[in-house]
Amino acid sequence: MGWKRKDLLGMQDLETTEITDVLDTAVSMKEIASREIKKVPTLRGKTVVNLFYEASTRTRTSFEIAGKWLSADVINFSASGSSAEKGESLLDTAKNIEAMSPDVVVVRHKAAGAPGLLARNLRCGVVNAGDGLHEHPTQALLDLMTIREKKGHLEGLNVTIVGDITHSRVARSNIHGMRKMGITVTVAGPPTLIPPQCQELGVKVSHRLEEAIAHADVIMMLRLQHERMQGGFIPSIREYSRVWGLTLTRLQHCRPDVLIMHPGPVNRGVELSPEVADSRYSVILDQVSNGVAVRMAVLYLLAGSKGA
Amino acid sequence: MSGTGVSAREKAQVLDETGLDRALTRIAHEIVEQAGGGEDVVLVGIKTRGVTLAERISVKISTIEGTKPSVGALDITLYRDDLRLKAEQPVVRSTEIPFPIKGRTVVLVDDVLFTGRTIRAAMDALMDLGRPRIIRLAVLVDRGHRELPIRPDYIGKNLPTSRRETVAVLLREHDGVDRVVIQED
């Protein structure tokens, strides 16, 4: 074990051994969730600030629970109704928060690189909880944890990511993480939603759903991100759902032990039929549980680094 | 506390295989005697070598009493009091205690008792998992230098040491050999 980073900004700069360290620590943390008293004193007296400039329920709550189970004080700071609306810059807000001596700042921002900017300017640890179209590393880590938990290993697996790759920081973080762990990644979706330089990340590209999922050990369905699309990417949601939606009929041609994942929130009836979302193949709720364990691991590792 | 660093120089052997086994047999007998039978007793080893010792003591109790006490494994990393003093965070291992400890007699098992801080952490960890009726402490080696008011109930070997020395407990399952040695850096 040798975690030395002050910040967790993305999967792109993590070493394979660091990813394994986080996953192993998260497995140990998961036991705490099964206890009657879900609290350990590890981060007593430490302060975690959730600084969210973009809407989020799952991720923010997950970080909040993770911090609280480790006995840290967790403060939520959301952009709406705050100084950001009054014209304060990101850096000024962060400097003000730093003056209150937090140990870790968890940040989500619509601009790619915002967490990196904070990391360079703050003494405390910074966790990227999603920045623009760039990265969402804790999501990739919880996905890897879920796959390893269900399959027993990562190396040699085939994972297919389906949907809006272009607008997905989850896909980008997962591609980096999975490639490092020896997973073969295929991305599938309409050509308008797959970045043209995609192959440079070491993934296969497919424009036919049936072909892309036939041999997959894991199918990761992405949400259609209406809010990030400025029109013209797909003819209509109904058309997209008919061509790219995962249904039980389409699953029949897949491996019998295939796992269905989704980073949430699910648009039932668009990318996933309700029957698939609730089927025995679906590990969507395991992903949510593992999300807390992964964030506990990340907070533990960062709070102990030199910077904190 | 069982620093087995290769740089350390071995000064003396304290227990050989027979001596180590005999010490564990005696601890097993004492546990049974004090508990008036082994039925109510569960053993919880502190990772890593404490767990191995707890398993061995449990087997010995089963040959005396006929029933084998449950053995759990406790990782105390999340309860340490020195997290801030270390350069990097220690590895968190899993706690595996798949039985209720509420109302039971829990015997904590560790290889070396030194400052007592590990045991303090272990007791806090146990209390978060339930309310045992009694917690007792069994250690293979008590090397002195306590920093907290903690005293073991079962001791394999009392071993006065200097602070510069380290006590290494080597066990077959981890080190291929059963012996206890004193080392000096």
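The side chain of A:Glu18 comes within 2.8 Å of the backbone nitrogen of A:Glu15. Let us begin there and work through some exercises together.

This is a predicted model, in which local features need pLDDT of at least 70, side-chain atom pairs count only at pLDDT 80 or more, and totals for chains, interfaces and linings use all residues. Residues are numbered from 1 along each chain as its sequence is written, chains are lettered from A and ligands numbered from 1 in the order in which they are written, and side-chain values use heavy atoms, with hydrogens and water left out.

**Exercise 1. Describe the surroundings of A:Glu18.**

Step 1: Find the residue. A:Glu18 belongs to helix H1 (residues 16-33) of chain A; helices are DSSP runs of H or I with at least four residues, strands are runs of E with at least two, and both are numbered from the N terminus.

Step 2: Is A:Glu18 buried or exposed? Its relative accessible area is 9%, so A:Glu18 is buried. Buried means under 20% relative accessible area, exposed over 50%, and partly exposed in between (1.4 Å probe, protein chains only).

Step 3: List the contacts, meaning heavy atoms within 4.5 Å. Apart from neighbours within four places in sequence, A:Glu18 is in contact with A:Trp3, A:Arg5 and A:Asp13.

**Exercise 2. Do the same for A:Asp143.**

Step 1: A:Asp143 sits in helix H5 (residues 137-151) of chain A.

Step 2: A:Asp143 has a relative accessible area of 0%, so this residue is buried.

Step 3: Not counting residues up to four places away in sequence, A:Asp143 touches A:Val170, A:Asn174, A:Met220, A:Met261 and A:Gln287.

Step 4: Which side chain makes a polar contact of 2.8 Å with that of A:Asp143? The partner is A:Asn174. (A polar contact is a pair of N or O atoms within 3.5 Å; within protein, one must be able to donate a hydrogen and the other to accept it, and residues adjacent in sequence count only if both atoms are side-chain atoms.)

**Exercise 3. Place strand S8 of chain A among its partners.**

Step 1: In S8 (residues 218-221), A:Val218 and A:Met220 point one way, A:Ile219 and A:Met221 the other way, and all are buried.

Step 2: Strands pair if DSSP finds at least two bridges between them. Four bridges link S8(A) with strand S5 (residues 158-162), and the two run parallel. Three bridges link S8(A) with strand S9 (residues 259-261), also parallel.

Step 3: Follow one residue. A:Val218 is the bridge partner of A:Val159, and A:Val218 also stands opposite A:Leu259 in S9(A).

**Exercise 4. Explore the largest cavity.**

Step 1: Learn the rule. On a 1 Å grid over the protein atoms alone, a cavity is a set of points where a 1.4 Å probe fits but cannot get out, and lining residues have an atom within 4 Å of a point.

Step 2: How many cavities of 30 Å³ or more are there? The count comes to two.

Step 3: The largest cavity holds about 60 Å³ of space; grid points are joined across faces, edges and corners, and a volume is the space filled by probe spheres set on the points.

Step 4: Its lining includes A:Gln139, A:Leu142 and A:Gln287. H11(A) gives the largest share, five residues.

Step 5: Sort the lining of the largest cavity by class: four nonpolar, five polar and two charged residues. Here Ala, Val, Leu, Ile, Met, Phe, Trp, Tyr, Cys and Pro count as nonpolar, Asp, Glu, Lys and Arg as charged, and the others, Gly among them, as polar.

Key
1 Å grid on protein atoms, 1.4 Å probe; cavity = no way out; pocket = protein on both sides within 12 Å on 5 of 7 lines; lining within 4 Å.
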